[in-house]
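The exercises below are to be worked with the sequence and the model open. Each one gives a task and then a solution in steps.

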Amino acid sequence: MAKKQKKNSGGTPATVALAAAGTAYTLHAYDHDPAAASYGEEAAEALGVSPDRVFKTLVADVDGELTVAVVPVAGQLDLKALAAAVGGKRAAMADPAAAERTTGYVRGGISPLGQRKRLRTVLDDSASAHETICISAGRRGLEVELSPRDLAALTAAVLAPIGRG
């Protein structure tokens with residue numbers, strides 16, 4: 001796939017961050033169904049992309065500190081592995097309201113990019129097997145495709161095996 005940079009038309013904080021960094025990306029919009037059981041799987045199906053290349057952004061609480069986990073939509077987050085990846089002892093999913101308030105995004109549209117408060121980020125190491133991956137662009141029905149290396153660099157992410165399934 002040829003990477004191209006698109007200007008954001010009424011962009012999100014994520015696309016603004018990508019444009020400001022000069023990072024190559026492709027924006028993909030689709031009609032979001034509010035009744036969809038899984039936002040990530042809906043995105044994979046709508047875009048015709050394998051679910052192992054579409055990554056979801058989850059916010060967890062690791063020893064009292066909010067931490068972002070980016071894992072394939074085809075699997076689940078291994079909370080113990082996430083805690084270990086950041087040198088923590090215990091991890092649990094964050095309160096959804098706290099995740100929304102801290103990131104500035106709504107659930108189902110949380111992006112690891114352009115968050116209101118920059119959080120520690122861990123990217124599942126399976127991302128490195130792909131030339132590009134898709135992540136939320138900051139709202140439901142909008143995905144951004146970019147190199148996992150660029151995503152890791154922009155978020156200062158640690159790569160670790162935090163996904164399972």
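**Exercise 1. A buried serine**

Task: For S136, find which backbone oxygen its side chain reaches, and place the residue in its surroundings.

Solution. The model is predicted. Step 1: the side chain of S136 reaches the backbone oxygen of G109, at a distance of 3.2 Å. Step 2: S136 belongs to strand β7. Step 3: its relative accessible area is 7%. Buried means under 20%, so S136 is buried. Step 4: leaving out residues up to four places away in sequence, S136 touches F55, G109, I110, S111, P112, L142, E143 and V144. G109, whose backbone oxygen takes part in the polar pair, is thus also one of the residues touched by S136.

**Exercise 2. A partner in the next list**

Task: Decide whether L142 is buried or exposed, and state which residues it contacts beyond four places in sequence.

Solution. Step 1: L142 lies in strand β8. Step 2: with a relative accessible area of 6%, L142 is buried. Step 3: its contacts beyond four places in sequence are T12, L27, H28, A29, Y30, I135, S136 and A137. S136 from the previous exercise is among them. Step 4: L142 and A43 are 99 residues apart in sequence, while their C-alpha atoms are 8.3 Å apart in space.

**Exercise 3. A buried loop residue**

Task: Locate V73, classify its exposure and list its contacts.

Solution. Step 1: V73 is in the loop between β3 and β4 (76-77). Step 2: its relative accessibility is 3%, so V73 counts as buried. Step 3: with residues up to four places away excluded, V73 touches G40, E41, P51, V54, F55 and K56. F55 is also on the contact list of S136. Step 4: the C-alpha atoms of V73 and S50 are 9.5 Å apart, with their positions 23 residues apart along the chain.

**Exercise 4. The sides of α5**

Task: Which residues of α5 (148-155) are buried, and which exposed residues does the face turned away from them carry?

Solution. Step 1: the buried residues of α5 are P148, L151, A152 and T155. Step 2: they lie on the same side of the helix, because the arc they cover around the axis is only 95 degrees. Step 3: the face turned away from this buried side carries the exposed residues R149 and A153. Step 4: the buried residues pack against β3 (65-72), β6 (120-124), β7 (133-139), β8 (142-146) and β9 (158-160). Step 5: at the N-terminal end, S147 acts as a cap, with a side-chain oxygen 3.0 Å from the backbone nitrogen of R149. Step 6: after α5 comes A156, with a positive phi near 55 degrees. A156 is not a glycine and sits in the loop between α5 and β9. At 53% relative accessible area, A156 is exposed.

**Exercise 5. The buried face of α4**

Task: Find the buried residues of α4 (96-103) and the strands they pack against.

Solution. Step 1: A98, A99, T102 and T103 are buried in α4. Step 2: seen down the axis, they fall within an arc of 110 degrees, so they line one face of the helix. Step 3: they pack against β2 and β3. Step 4: just after α4, G104 has a positive phi of about 85 degrees. For a positive phi in a residue other than glycine, look at D63, at about 50 degrees. D63 is in the loop between β2 and β3 and is partly exposed, with a relative accessible area of 46%.

**Exercise 6. Two pockets**

Task: Describe the largest and second largest pockets by volume, lining and residue class.

Solution. Step 1: the largest pocket has a volume of about 540 Å³, and the second largest has about 160 Å³. Step 2: 29 residues line the largest pocket, with Y39, T57, L58, R107 and G108 nearest its centre. Step 3: α2 (39-47), β2 (55-62) and α4 each give two or more residues to this lining; the largest share, five residues, is from β2. Step 4: the classes in the largest pocket are 14 nonpolar, nine polar and six charged. Step 5: the lining of the second largest pocket includes A17, L18, V68, P112, L154 and T155. α1 (13-21) and α5 each supply at least two of its lining residues. Step 6: its classes are seven nonpolar, four polar and one charged. T155 is buried in α5 and also lines the second largest pocket.

Definitions and conventions: Residues are numbered from 1 along each chain as its sequence is written. This is a predicted model: local features need pLDDT of at least 70, side-chain atom pairs count only at pLDDT 80 or more; totals for chains, interfaces and linings use all residues. Side-chain values use heavy atoms; hydrogens and water are left out. On a 1 Å grid over the protein atoms alone, a cavity is a set of points where a 1.4 Å probe fits but cannot get out, and a pocket is an open set with protein on both sides within 12 Å along at least five of seven lines; lining residues have an atom within 4 Å of a point. Grid points are joined across faces, edges and corners, and a volume is the space filled by probe spheres set on the points. Helices (H or I, at least four residues) and strands (E, at least two) are DSSP runs, numbered from the N terminus. Ala, Val, Leu, Ile, Met, Phe, Trp, Tyr, Cys and Pro count as nonpolar, Asp, Glu, Lys and Arg as charged, and the others, Gly among them, as polar. Buried means under 20% relative accessible area, exposed over 50%, partly exposed in between (1.4 Å probe, protein chains only). The arc is that of the directions from the helix axis to the C-beta atoms. Contact means heavy atoms within 4.5 Å. A polar contact is a pair of N or O atoms within 3.5 Å; within protein, one must be able to donate a hydrogen and the other to accept it, and residues adjacent in sequence count only if both atoms are side-chain atoms.
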